[in-house]
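Work through these exercises with the sequence and the model open side by side. Try each task before reading its solution.

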Amino acid sequence: MYLTKEEEKILNGEQGEVAERMFRLLVQLGDIYGADKMIPVGSVQVAGVSYKSIADPGTEFLEDLARKGAKVKVLTYLNPAGMDLENWETLKFPKEFAKNQLRIMDAFKSMGIVITATCTPYLAGNLPRFREHIAWSESSAISFANSVIGARTNREGGPSALAAALLGRTPNYGFHLWENRQPSIKVKVETELTFDADYGALGYHVGKQVKNKIPYFVGIKNADTDQLKSLGAAMAASGAVALYHVEGLTPEADLVKKDNLETITVTKKELDEAYAKLNTGKEPDIVILGCPHASLREISLVAEKLKGKHLRKPVWVCTSRMMKEAADRMGFTDTIVKAGGQIVADTCMVVSPIEDMGYKTTGVNSGKAGNYLPGFCKQNVCFANLDKLLEAVQ
Ligand code: F3S
């Protein structure tokens with residue numbers, strides 16, 4: 001791989017041990033995947049934030065980097081944590097978990113990383129532009145950035161994203177190159193998509209079928225950005241889809257080559273089967289919404305449906321701190337709390353310790369959450385649309 005004079009100096013340790021170590025990681029990655037050079041990135045999103053995911057070794061690694069003075073060079077956001085960073089006590093997150101989670105946040109903060117912990121950074125102040133090179137690491141955010149925005153990112157792991165943040169660059173391979181953004185399979189959707197959960201079920205089914213291919217969808221008439229984020233998140237979870245195109249909707253759909261593609265068709269039958277597979281539970285102990293993190297529109301919808309209602313069981317709406325503040329100002333939080341629900345900021349249900357908090361069956365409208373909760377949180381899952389979920393806990 002071609003390296004500039006400055007990059008050679010980094011590799012020779014002239015910018016310190018941390019820069020050398022992290023840059024070596026990027027060079028190795030570039031060599032493995034045949035990158036020709038390094039390219040600057042506009043922003044980074046770092047995963048590996050929850051104490052549940054990285055435990056003591058990961059925490060100590062981050063603290064060591066922070067002690068050695070590591071600082072990021074570009075706008076860097078964080079993936080969700082395992083709890084609400086401000087409201088964890090009220091929400092009854094375990095004390096020991098909270099103590100360790102806060103240590104992790106301190107380490108990130110001292111590296112100059114914005115401790116906005118969210119999987120929807122594009123809704124919270126980190127919005128890349130079309131064709132901008134970025135290094136993001138949360139799979140639904142990657143999918144949204146590549147597909148809905150047309151920015152360019154590989155599926156970064158925690159360490160490679162952190163290295164990109166500290167160096168401000170990433171190796172030029174994979175989805176950074178136009179030739180690798182071409183669709184490899186056509187997906188004909190021949191069923192109505194009525195509820196948001198339908199997009200999660202569609203994504204869950206298609207991800208399982210296409211694995212890591214790049215789908216080109218036809219037949220999706222009019223999805224909004226919330227529905228596209230749900231579709232992409234589910235495909236990234238059940239398969240490894242990091243980029244998809246939707247005819248008439250996503251920005252690269254008109255530009256890519258889509259002749260003579262292998263084609264699969266999704267009808268109501270496949271959608272119903274996806275619902276059936278995602279449903280492993282009977283009655284939820286808790287309903288958790290906001291996977292990916294809820295937009296203000298999604299929060300307002302929940303508030304509207306819960307106005308004057310009384311919940312028998314907890315309902316969490318996970319979102320970013322920014323969206324929560326907007327929801328507070330608009331009175332949505334108040335409405336949800338009066339009904340007995342909570343807006344939970346900073347948190348990903350999958351990396352939060354819900355199984356240790358006594359929950360066994362979780363109701364979700366997210367194909368991604370439905371895919372992960374049984375394995376990561378030992379949960380049975382009730383997968384349904386928003387109305388049905390809220391009915392089940394009133
Ligand atoms: Fe976000 Fe966690 Fe879902 S990172 S997309 S809330 S699994």
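**Exercise 1. Cysteines**

How many disulfides does the structure hold?

Solution. Note that the model is predicted.
- Recall the chemistry: a disulfide is a covalent bond between the sulfur atoms of two cysteines.
- The count here is zero disulfides.
- Now place three of the cysteines by exposure. Cys318 is buried, because its relative accessible area is 1%.
- Cys291 is also buried, because 15% relative accessibility is under the 20% cut-off.
- Cys348 has a relative accessible area of 22%, so it counts as partly exposed.

**Exercise 2. The surroundings of Cys318**

Find the element that holds Cys318, then list its contacts beyond four places in sequence.

Solution.
- Cys318 sits in strand β11.
- Its contacts are Ile288, Leu289, Gly290, His293, Ala294, Val344 and Thr347.
- Check the spacing to Phe332. The two residues are 14 apart in sequence, and their C-alpha atoms are 13 Å apart in space.

**Exercise 3. Backbone exceptions**

Which peptide bond joining Cys291 to its partner is cis or trans, and what is omega? Then examine phi at Lys92 and Asn260.

Solution. Start from the rule: most residues other than glycine have a negative phi, and most peptide bonds are trans.
- The bond between Cys291 and Pro292 is cis, with omega about -5°. Pro292 belongs to the loop between β10 (286-289) and α10.
- Lys92 is not a glycine, yet has a positive phi of about 65°. Look for Lys92 in the loop between β3 (75-78) and α4. Its relative accessibility is 65%, so Lys92 counts as exposed.
- Asn260, also not a glycine, has a positive phi of about 55°. Its loop runs between β8 (245-246) and β9 (263-266). Asn260 is exposed, because its relative accessible area is 81%.

**Exercise 4. Two buried residues in one loop**

Are Ile113 and Thr116 buried or exposed? Name their contacts beyond four places in sequence.

Solution.
- Locate Ile113 in the loop between α4 (95-110) and β4 (135-136). Thr116 lies in the loop between α4 and β4 too.
- Ile113 has 3% relative accessibility, so it is buried. Thr116 is buried because its relative accessible area is 8%.
- Ile113 is in contact with Val72, Thr76, Tyr77, Leu78, Phe108 and Leu162.
- Take Val72 from that list. It is 41 residues from Ile113 in sequence, but the C-alpha atoms are 6.7 Å apart.
- Thr116 touches Tyr77, Leu78, Ala124 and Met322.

**Exercise 5. A helix pair**

At roughly what angle do the axes of α3 and α4 cross? State the handedness.

Solution.
- The axes of α3 (residues 51-67) and α4 come within 9 Å and cross at roughly 35°.
- The crossing of α3 and α4 is left-handed.
- On the α3 side, residues that meet α4 include Tyr51, Ile54, Thr59, Leu62 and Ala66. On the α4 side, residues that meet α3 include Phe97, Asn100, Ile104, Ala107 and Phe108.

**Exercise 6. The sides of α11**

Which residues of α11 are buried? Explain how they are arranged around the axis.

Solution.
- In α11 (residues 321-330), the buried residues are Arg321, Met323, Lys324 and Ala327.
- They cover an arc of only 155° around the axis, which means they are on the same side of α11.
- The general rule helps: an α-helix has 3.6 residues a turn, so residues three or four places apart point the same way.
- The buried residues of α11 pack against α10 (296-306), β11 (315-319), α12 (332-339) and β12 (342-345).
- The face turned away from the buried side carries exposed Arg329 and Met330.
- Just after α11, Gly331 takes a positive phi of about 85°.

**Exercise 7. The nonpolar cores**

How many residues has the largest nonpolar core, and which have the most contacts inside it?

Solution. In soluble globular proteins, nonpolar side chains tend to be buried together.
- The largest nonpolar core has 103 residues, and Leu202, Phe217 and Ile220 have the most contacts inside it.
- Apart from this core lies another, of 21 residues, among them Met323, Phe332, Ile343 and Leu386.
- Return to Phe217. Beyond four places in sequence, its contacts include Val187, Leu202, Leu231, Met235 and Tyr244.

Methods
Residues are numbered from 1 along each chain as its sequence is written. This is a predicted model: local features need pLDDT of at least 70, side-chain atom pairs count only at pLDDT 80 or more; totals for chains, interfaces and linings use all residues. Side-chain values use heavy atoms; hydrogens and water are left out. A nonpolar core is a set of buried Ala, Val, Leu, Ile, Met, Phe, Trp, Tyr and Cys residues joined through side-chain atoms within 4.5 Å. Buried means under 20% relative accessible area, exposed over 50%, partly exposed in between (1.4 Å probe, protein chains only). Contact means heavy atoms within 4.5 Å. Helices (H or I, at least four residues) and strands (E, at least two) are DSSP runs, numbered from the N terminus. The arc is that of the directions from the helix axis to the C-beta atoms. A disulfide is a pair of cysteine sulfur atoms within 2.5 Å. Axes are lines fitted to C-alpha atoms, for helices over the stretch in contact, and angles run from 0 to 180 degrees between N-to-C directions. A crossing is left-handed if the near helix is turned anticlockwise from the far one by less than a right angle, and right-handed if clockwise.
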